[in-house]
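Biologist: Could you take a close look at one part of this model and walk me through its surroundings in a single connected account? Please choose one residue as the starting point and work outwards from there.

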Amino acid sequence: MDAKSTGLKIMEQFREQSELYREFTARVEDLLSVLLEENGIRIHSIASRVKDNQSLEKKVDKNSGKYTELKDITDIAGVRIITYFDDDVDQVAEVIEREFDVDWSNSIDKRQLIDPDRFGYVSLHYIAALNRFRLALSEYKKYRDCKVEFQVRSILQHAWAEIEHDLGYKRRQAIPREIRRSFSRLAGLLEIADQEFKQIRDSLMSYENQVGDQIALDPDAVYIDGVSLAAYIEQSPIIREINQALSQWLGGIPVLNNPFVDDKAQALHYLGLDTIGQLDSRLSASKQKVIRFAQNWLSGEYEDIMDTIGIFYFCYYCAGENGSEEKAQEFLASCEIGNPDERLDLARRILTVYRGLESEN
């Protein structure tokens, strides 16, 4: 059979099997998404595509004589995984290698091939099929002859690839020398950025793991930020006592973890509290007043409360302690709570509750 006839046969097979490939591609994307989640691998995005008629026909014509059957073409189905960090690419790779049957002869790690002084994106490409264990399942049997191309790269590598593609230049010698120099400088910057983002992530993880011990050893040396405040809330007996008192006041409702504490850290800084030690000392001295302030404020029915509730009402108590509507409004504005009209009403209520608390004494 001549090349033209073979090409026509392949395109006819594709028309007959295009729906099968669309199903296969969607199943692979869903399967990989589940596998990555089960392995605790966070990614930026995952997307799939099936070659259209025009792209496939162009590929067959360009590679005349290379293919005899549709199943010989390995990239009809494609799944692209974009990670946040470049070392996450290797974690995704481990999942693909473990869970799919990789066609090593057609797979390529372009990260290992790129010259040190060459510009261009680096990406990991796998050609793979479902492994024999999944093909033994009835829902996967019909995909026995289907292969998928996986592309895995970091978000910065992806940005490079998209911009380079948009510029329309893929060959080094097609670009003027001075512009090539700019490409090379930018490639170096992006590589440094990838490494720096990874270093920031690792440093944050290390800080999160150590800040609790730092608070226990020397709270005055620990600056208040979202991470340190969350650790303090988790381990502080004062916070625990306040939260338990308010939970009982509201009928014993559950106290849930609130991972969003950045706004509370900002409020504390506005109130002049910059370290965990300062917060702990001030909170210890005013604990019972904070509880009473919150009890006088709270009304209505609640299904649960957040573990930041003690810090929240401590901040309101301190805002009332300043004794001025204007200062209370400034505090609310600094925390981006409400619009100007709402802040006025809220500031007045803060002062009313605070003054009522003081009159009890």
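Modeller: In this predicted model, Phe293 touches Tyr313, Tyr316, Tyr317, Ile350, Val353, Tyr354 and Leu357, leaving aside residues up to four places away in sequence. Together with Leu229, Phe293 touches the most other members of the largest nonpolar core, which holds 49 residues. At least two residues of this core come from each of α6 (177–217), α7 (226–235), α8 (237–249), α9 (262–270), α10 (276–297), α11, α12 (325–334) and α13, and α11 gives the most, with nine residues. Apart from this core lies another, of 40 residues, which includes Leu35, Ala77, Ala93 and Ala128.

Turning to the helix pair itself, the axes of α11 (residues 309–321) and α13 (residues 340–360) come within 8 Å and cross at roughly 85°; because angles of 65 to 115 degrees count as roughly perpendicular, α11 is roughly perpendicular to α13. On the α11 side the contact is made by Tyr316, Tyr317, Ala319, Gly320 and Glu321, while α13 contributes Leu346, Ile350, Leu351, Tyr354, Leu357 and Glu358. Sorted by character, the residues of this contact comprise eight nonpolar, one polar and two charged. Tyr316, Tyr317, Ile350, Tyr354 and Leu357, which take part in this helix contact, are also among the residues that Phe293 touches.

Conventions:
Residues are numbered from 1 along each chain as its sequence is written. This is a predicted model: local features need pLDDT of at least 70, side-chain atom pairs count only at pLDDT 80 or more; totals for chains, interfaces and linings use all residues. Side-chain values use heavy atoms; hydrogens and water are left out. Axes are lines fitted to C-alpha atoms, for helices over the stretch in contact, and angles run from 0 to 180 degrees between N-to-C directions. Helices (H or I, at least four residues) and strands (E, at least two) are DSSP runs, numbered from the N terminus. Angles under 35 degrees count as roughly parallel, over 145 as roughly antiparallel, 65 to 115 as roughly perpendicular and the rest as oblique. Contact means heavy atoms within 4.5 Å. Ala, Val, Leu, Ile, Met, Phe, Trp, Tyr, Cys and Pro count as nonpolar, Asp, Glu, Lys and Arg as charged, and the others, Gly among them, as polar. A nonpolar core is a set of buried Ala, Val, Leu, Ile, Met, Phe, Trp, Tyr and Cys residues joined through side-chain atoms within 4.5 Å. Buried means under 20% relative accessible area, exposed over 50%, partly exposed in between (1.4 Å probe, protein chains only).
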